Amino acid sequence: MTIRRFLTLAFAISAAGCAGGQSMETDPMPGGDVRTGDPGAMATLNVPSTHLPPQGMCRVWDPTLPSGQQRGLPSGACNGMATLVKRGQWMLYRPEDNNSVVEVRMFDTVDSGELQPVLIRVFEIASGRLIEEIVP
């Protein structure tokens with residue numbers, strides 16, 4: 001196991017521990033998308049601003065693919081977009097009322113076998129800095 005994978009897994013476990021006892025299954029994120037260290041370390045988003053959806057819209061993003069290979073993944077109005085996300089993919093959302101952030105909704109299979117958002121990370125667009133994590 002590489003150090004990057006170990007640190008990513010450690011971060012996911014600490015995030016799950018903060019979720020009030022909820023457990024979540026996560027895949028390690030590929031190198032370059034999130035950098036983690038100790039539990040208090042910052043994470044940064046590595047999605048080019050030109051690939052973010054317009055305000056009030058969503059886009060499916062596959063963190064295992066380079067930005068140049070994201071074509072063909074759904075983008076547009078958020079209604080129904082969650083049904084198009086596959087396990088391990090993200091749904092990027094730009095709130096209408098805040099043009100400085102992007103929400104990254106991470107999906108995984110829950111107890112019912114359904115694919116649902118299990119973690120929402122809010123990033124500042126200008127710096128790519130993680131500013132909040134929300135467990136739905």
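**Notes on the strand sheet, its cores and the disulfide**

1. Let's start with Arg105, which is partly exposed at a relative accessible area of 23%. For the labels here, buried means under 20% relative accessible area, exposed means over 50%, and partly exposed is in between, with a 1.4 Å probe and protein chains only. Arg105 has its place in strand E4; strands (E, at least two residues) and helices (H or I, at least four) are DSSP runs numbered from the N terminus.

2. Before going further, a word on provenance. This is a predicted model, in which local features need pLDDT of at least 70 and side-chain atom pairs count only at pLDDT 80 or more, while totals for chains, interfaces and linings use all residues. Residues are numbered from 1 along each chain as its sequence is written, and side-chain values use heavy atoms, leaving out hydrogens and water.

3. Back to Arg105 and what surrounds it. Its side chain makes a polar contact of 2.6 Å with the side chain of Glu103. A polar contact here is a pair of N or O atoms within 3.5 Å; within protein, one must be able to donate a hydrogen and the other to accept it, and residues adjacent in sequence count only if both atoms are side-chain atoms. Setting aside neighbours within four places in sequence, Arg105 is in contact (heavy atoms within 4.5 Å) with Gln89, Trp90, Met91, Tyr93, Leu119 and Ile120. The C-alpha atoms of Arg105 and Val118 are separated by 7.5 Å, with the two residues 13 apart along the chain.

4. Now the sheet as a whole. Six strands make an open sheet in the order E2-E1-E3-E4-E5-E6, with antiparallel pairing. The edges are E2 and E6, each of which pairs on one side only. Pairing here takes at least two DSSP bridges between two strands. As general background, strands of a sheet pair through backbone hydrogen bonds, either parallel or antiparallel.

5. Walking in from the E2 edge: E1 (residues 58-61) is joined to E2 (residues 75-76) by two bridges, and Cys58 stands opposite Gly76 in E2. E1 also pairs with E3 (residues 90-93) over four bridges, where Val60 stands opposite Met91. E3 and E4 pair over four bridges too, with Trp90 opposite Met106 in E4.

6. From the other edge, the two hairpins are worth a look. Nine bridges join E4 (residues 101-109) to E5 (residues 115-124); this hairpin has five residues between the strands, and Gly113 takes a positive phi near 90 degrees. E5 is joined to E6 (residues 130-134) by four bridges, and Arg121 has Glu133 in E6 as its bridge partner. That hairpin also has five residues between its strands, with Gly128 in the turn at a positive phi of about 80 degrees.

7. What is going on at Asp108 in strand E4? Asp108 is buried, with a relative accessible area of 2%. Its side chain is joined to that of Arg87 by a polar contact of 2.9 Å. On the sheet side, the bridge partner of Asp108 in E5 is Gln116.

8. On packing, the largest nonpolar core has 14 residues, and those with the most contacts inside it are Leu45, Val47, Trp90, Leu92, Val102, Val104 and Phe123. E3, E4 and E5 each supply at least two residues of this core. A second, separate core has eight residues, including Cys58, Met81, Val85 and Phe107. A nonpolar core is a set of buried Ala, Val, Leu, Ile, Met, Phe, Trp, Tyr and Cys residues joined through side-chain atoms within 4.5 Å. Val104 is a handy place to zoom in: leaving aside neighbours within four places in sequence, Val104 is in contact with Leu45, Trp90, Met91, Leu92, Leu119, Ile120, Arg121 and Phe123.

9. E1 is covered on both faces: Cys58 and Val60 on one side, Arg59 and Trp61 on the other, are all buried. In general, side chains in a regular strand alternate between the two faces of the sheet.

10. Last, the disulfide (cysteine sulfur atoms within 2.5 Å). The structure holds one, formed by Cys58 and Cys78 with their sulfur atoms 2.0 Å apart. The link is right-handed, with 100 degrees about the S-S bond. It ties together distant parts of the chain, from Cys58 in E1 to Cys78 in the loop between E2 and E3, 20 residues apart. Cys58 counts as buried at 1% relative accessibility, whereas Cys78 is partly exposed at 22%.
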